[in-house]
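The exercises below are meant to be worked through with the sequence and the 3D view open side by side. Each begins with a task and continues with a solution in steps.

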Amino acid sequence: MKPSKVPTLQGPSSRRATGQQRLLQTVRLPELVRENTQSLRRERAFQGITAARCLLSSRPMESKRILIVDDEQNAREALRTMLLEEGYEVSEASDGQEALEALPEFAPAVVLADVRMPKMDGITLLRKAREAGYDSAFVMMTAFGSIETAVEAMRAGAENFLVKPLDINAVLVVLSKVLEKTRLVRETETLRARVQERYRFPNIIGDSPELQSVFDVVKRAAPTRATVLLLGESGTGKELVAQAIHEESPRKGKPFIKVNCAALSESLLESELFGHEKGSFTGAVGRREGRFELADQGTLFLDEIGEISPSLQIKLLRALQQREFERVGGTQTLKVDVRVVTATNRDLAGEVKAGRFREDLYYRLNVVAVTLPPLRQRKGDIPALVNHFIEKYATNYGKVVRGLAPGTLNALLRYDWPGNVRELENVVERAVVLAPGSQLTADDLPATLRGPRPLARSAESLIPGATLYDIERESILRTLEMVDGSTARAAEVLGISVRKIQYRLKEYASSAPSSEANESNEDDTETDEEAGGRTH
Ligand SMILES: Nc1ncnc2c1ncn2[C@@H]1O[C@H](COP(=O)(O)OP(=O)(O)OP(=O)(O)O)[C@@H](O)[C@H]1O
Ligand SMILES: [Mg+2]
């Protein structure tokens, strides 16, 4: 026991006080503190703490939870009484080890920790808490004069420190300042998540950073007349993006005309694109306008552009360069104002190298290129996509299916999705049709996806006996299932960043055992490279 410790609080009226309650009643708080605590009280009314958040988060949205860590019982009690009076939720720990164990469940906004304690001192506690990924704010309590300790505490990441013996006003001012800062950080993160959420196209689902980069280019290119080349594997959403480009352009409201270049023979495709005059070929009974004409003022989407023949490539090049063409069998030169968007799942640059696709046409089409990443590289989009398709097909088939049963998301994340979003859509459609209940279970998925039986216990029943990593995974997956797959909303509920959720989803999608994954970068500060470099 430390001889220097005095288990009392010194407040302006402490000498006359008969008990902590009276002491607190007579303390005059500075206006700032009063305002802060009042606004914090108001915010508390809106708190909805989910079981998952309690388990996982050390930074709940507007929590007033304070964990007092001090080996002196009297000091803890004095603080607790005062903080309860002020409307804080309080928990206590008598040393660093006990505090560390209390962090996951109590999820304090602030840890008020003594520096000198047996078993584990305050600074070690702070370091260990950070290592384990908890980001509660720390306010250290140090004995008067130990300025070096205070500096060390601040270096270790403490938000502030208080000198013992404690002064009530100082405690309250520091706490409300720290909480205000936490609240502001949270608000900024929420705003950022909202902005990101808005930064999307109505029909294109997904909030992974990979898709965000696509949105970024599409947003900038859409309002212009620039030709856009959409690349990416089959089923990644190229057609959806082509439509979005049209919808986001001033040509919205004018025609969006699609031609599948792979579906027609060379001569039929030519007539389809440019039209034909009566009698220009066998079967051309009347004059027909081509798709270029129909798309005048609007957008022409040439899908599977890699499939067109060399002679048609020349004609297309001229139409794009000079914005004029003739109908098949016609002599009149027609001029149109068409914005062209093309797509292919072939490696078009490779086709150019191999001499199968004209280089000049390639450059003409490739003014802005957008590559849709395969779904296996952006598994963070899976929760939102699944939810989107459940809603779509539940409505289509008139079925009451609301979401996923525990464990189903895990199975969906582990699969590789060679057919990309189209395959996911088919799997969800089939599951909605077959599902006997109101939630999709792993049994409703095709056998190839089921794999080993996933973790399907409730978060509460996981404890004790599970690693923190498993508890965190269960919390993240269950929360995503609860919030319709939106990583931004899950991040809000769990009090962690969207990046962390995206990063974790990539981890869960891999087959890495949890212990291995647990050793990976824990916090939100990982670099893009780290987050992006781990694709599975
Ligand atoms: N981000 C997304 N959000 C919602 N639906 C999507 C998304 N991406 C793709 N889809 C859906 O997946 C299916 C396949 O998408 P799309 O047809 O756009 O793919 P594609 O890249 O053009 O494929 P292909 O190369 O085979 O033509 C469509 O039903 C589409 O609506
Ligand atoms: Mg397509």
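## Exercise 1: A sheet and its helix

Task: In this predicted model, find how strands β8 and β15 are joined, and place the pair within its sheet.

Solution. Begin with the two strands themselves: β8 (residues 228-231) and β15 (residues 339-344) run parallel and are joined by 4 bridges. To fix the register, take V228, whose bridge partner in β15 is V341. Next, widen the view to the open sheet of 5 strands, which has the order β9-β12-β15-β8-β16 with parallel pairing. At its edges stand β9 (256-260) and β16 (368-371), and because each has a single partner strand, one side of each is left without a neighbour in the sheet. From one strand to the next, the twist averages 20 degrees. Finally, add the helix α10 (residues 238-247), which lies across β8, β9, β12 (299-303) and β15 and runs at about 155 degrees to β8.

Task: Is E239 buried, partly exposed or exposed, and which residues does E239 contact beyond its neighbours within four places in sequence?

Solution. E239 has its place in helix α10. The relative accessibility of E239 is 31%, and since partly exposed covers the range between 20% and 50%, E239 counts as partly exposed. Leaving aside neighbours within four places in sequence, the contacts of E239 are K258, F301 and D303. A related distance is that between the C-alpha atoms of E239 and L302, which are separated by 9.7 Å although the two residues are 63 residues apart along the chain.

## Exercise 2: Another open sheet

Task: What is the strand order of the open sheet that contains β4 and β5, and which helices lie on it?

Solution. The order of these 5 strands is β3-β2-β4-β5-β6, and the pairing is parallel. The edge positions belong to β3 (89-93) and β6 (160-164), each of which has a single partner strand, so one side of each lacks a neighbour in the sheet. Neighbouring strands are turned against each other by 20 degrees on average, direction ignored. Looking inside the sheet, strand β4 (residues 110-114) pairs with strand β5 (residues 137-143) in the parallel sense over 5 bridges, and the bridge partner of A113 in β5 is M140. Helix α5 (residues 96-106) lies across β2 (65-69), β3 and β4, running at about 165 degrees to β2. Helix α6 (residues 122-131) also packs on the sheet, where it touches β2, β4 and β5, and its direction makes about 170 degrees with that of β5.

## Exercise 3: The nonpolar cores

Task: Which residues of the largest nonpolar core touch the most other members, and which elements supply the core?

Solution. As background, nonpolar side chains in soluble globular proteins tend to be buried together. The largest core here has 44 residues, of which L412, W417, L424, L440 and I501 touch the most other members. Two or more residues each come from α16 (382-397), α17 (408-414), α18 (420-434), α21 (468-482), α22 (487-494) and α23 (498-509), and the largest share, 8 residues, comes from α16. For I501, the contacts outside its neighbours within four places in sequence are I476, L480, T487, A490, A491, L494 and I496. A second, separate core of 30 residues includes I257, V259, L302 and V338. As for α22, 7 of its 8 residues are buried, so the helix is largely enclosed by the rest of the structure. Just after α22, G495 takes a positive phi of about 70 degrees.

## Exercise 4: Aromatic pairs

Task: How are the rings of F274 and F325 arranged, and how are those of Y469 and Y508 arranged?

Solution. A search of the whole structure finds 8 aromatic pairs. The ring centres of F274 and F325 are 5.5 Å apart and their planes stand at 40 degrees, so this pair is tilted. F274 belongs to helix α11 (residues 266-274) and F325 to strand β13 (residues 324-326), 51 residues apart. Ring pairs link F274, F292 and F325 into a cluster. The pair of Y469 and Y508 is edge-to-face, with 6.0 Å centre to centre and 80 degrees between the planes. Because Y469 lies in helix α21 and Y508 in helix α23, this pair ties together parts that are 39 residues apart in sequence. Both Y469 and Y508 are buried, and R473 lies over the face of Y508, at 5.9 Å from the ring centre.

Key: Residues numbered from 1 in each chain as written. Chains lettered and ligands numbered in written order. Heavy atoms only, no water. Pairing = 2+ DSSP bridges. Axes fitted to C-alpha atoms, helices over the stretch in contact; angles between N-to-C directions. Contact = heavy atoms within 4.5 Å. Core = buried A, V, L, I, M, F, W, Y, C linked by side-chain atoms within 4.5 Å. Buried < 20%, exposed > 50% of the residue type's maximum accessible area, 1.4 Å probe, protein only. Phe/Tyr/Trp six-rings, centres within 6.5 Å; stacked < 30°, edge-to-face > 60°. Lys NZ or Arg CZ within 6 Å of the ring centre and 35° of its normal.
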